[in-house]
Amino acid sequence: PRVVTQDADAEERAAESALRPTSLAELVGQTRVRDQLDLVLQAARRRGTAPDHVLLSGPPGLGKTTLALIIGAEMSAPVRVTSGPAIQHAGDLAAILSSLAEGEVLFLDEIHRMSRPAEEMLYLAMEDFRVDVVVGKGPGATAIPLELPRFTLVGATTRSGLLPAPLRDRFGFTAHLDFYSPVELDELLHRSARLLGIELDQDASTEIAGRSRGTPRIANRLLRRVRDWAQVHGGGRIDLAAARAALELYDVDEAGLDRLDRAVLQALCTRFGGGPVGLATLAVSVGEETETVETVVEPFLVREGLLLRTPRGRAATPQAWAHLGLTPPRPTPG
Ligand code: ADP
């Protein structure tokens, strides 16, 4: 299995929730977003109202769900969790909205995947705290307005550019979560190790942090796998040797690239001569969905200086060739 895959199974989710910070103060990194959000929430608390709707964007595993739950906790409000793909009909959304309590936080993950009619219903709900429930069919159908309690929508998306502007504009606070630095991930790993009762050497933590793709979810997951290794092969304590051996076993390379990252780079360099090549073509050649390559793989490769987004398509950088141990083709003269 790909240790760095983004889909969580039940066991994974349980392990994750055990490590989730429950207040803004406990959050590691993202200091700017934390401070901005802190202000929004404090002001709302003083006014005694639900805070403005919040839009969080960024690659998977960077803390969007965590932040939504923290917003609920900081407001002492319950949090309802749902996702775009779960809302296929406007009626699904109407049912959720009409059952919200005053001040409740509605976390809508993958909000860009909601159906069109549901999206339009959401505009009205966000702005006027009202939905029009259509009763009957055909010419006899009537829209009955239904008052909603004041709630806070927390929308999450892997890329805010995937959202139609009218929806984006209805959020009072928008934050983009960026990849974490190795220093932040190191801090996060020490926190997780403490919570899990694991002894973690500093050089081992540095090693894991550097290979976690800038992503808390991956850092925590690698920590658990390294712990497995240390418990089976060593005395349970995580030292550098244990960290390296386990990371090797799980196919994470020194730069933190996983198999899919490398597959994309490999295809780009060997099949398309380093590009530029269109995103869709590149995605097909590695058997992945375009959206996955665009929102999960690319942001990291771009940040690492391995891939360029050009107007004519995706291109490999000299570092990408070097990373794969390949020699770039010589530029054709003329
Ligand atoms: P997303 O919703 O963006 O996919 P999550 O909020 O589910 O990501 O975060 C994935 C895991 O990473 C969670 O288990 C959480 O414990 C951890 N995590 C994410 N961000 C942070 C953070 N800033 N500080 C500490 N842990 C974090």
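**Note on the predicted protein–ligand model**

1. Just after helix α10, residue D251 adopts a positive phi of about 70°. The structure under discussion is a predicted model, and the remarks below should be read accordingly.

2. Helix α10 itself covers residues 240-249, and its buried residues are A242, A243, A246 and L247. These four lie on the same side of α10, because the arc they cover around the axis is only 120°. An α-helix has 3.6 residues a turn, so residues three or four places apart point the same way. The cover over the buried residues of α10 includes α8 (202-210) and α9.

3. One contact set links this region to the interior. I208 is in contact with A243 and also with L189, A219, L222, L223 and V226, when its neighbours within four places in sequence are left aside. I208 is also named among the members of the largest nonpolar core that touch the most other members, together with V154, L189, A219 and V226. That core holds 79 residues, and α9 contributes the most to it, with 7 residues.

4. The ligand is surrounded by 19 residues, of which the closest are E16, G63, K64, T65 and T66. Elements giving two or more residues to this shell are α1 (10-19), α3 (64-74) and α9 (216-233). Helix α9 therefore deserves attention on two counts, since it gives two or more residues to the shell and the most to the largest nonpolar core. By character, the shell comprises 8 nonpolar, 7 polar and 4 charged residues.

5. As to the overall fold, the protein has 14 helices and 9 strands. Its C-alpha trace spans about 70 × 60 × 30 Å along the principal axes. The chain has 334 residues, and 38% of them count as buried. Of the contacts between residues at least 6 apart in sequence, 69% join residues at least 24 apart.

6. Confidence should be considered by region. The mean pLDDT of the protein is 91, with 96% of residues reaching 70 or more. For the complex, the predictor gives an ipTM of 0.99 and a pTM of 0.89. Over residues 1-6, by contrast, pLDDT stays under 50. The model has 14 contacts beyond four places in sequence for residues 1-6. Where pLDDT is low, the predicted coordinates should not be read in detail.

Note on methods:
Residues are numbered from 1 along each chain as its sequence is written. This is a predicted model: local features need pLDDT of at least 70, side-chain atom pairs count only at pLDDT 80 or more; totals for chains, interfaces and linings use all residues. A residue is near a molecule or strand if its C-beta atom, placed from the backbone, lies within 6 Å of it. Ala, Val, Leu, Ile, Met, Phe, Trp, Tyr, Cys and Pro count as nonpolar, Asp, Glu, Lys and Arg as charged, and the others, Gly among them, as polar. A residue is buried if 20 or more other C-beta atoms lie within 10 Å of its own, exposed if 12 or fewer, and partly exposed in between; C-beta atoms are placed from the backbone. Two residues are in contact if their C-beta atoms, placed from the backbone, lie within 7 Å. A nonpolar core is a set of buried Ala, Val, Leu, Ile, Met, Phe, Trp, Tyr and Cys residues joined through C-beta atoms within 7 Å. pLDDT is the predictor's confidence in each residue, from 0 to 100. The arc is that of the directions from the helix axis to the C-beta atoms.
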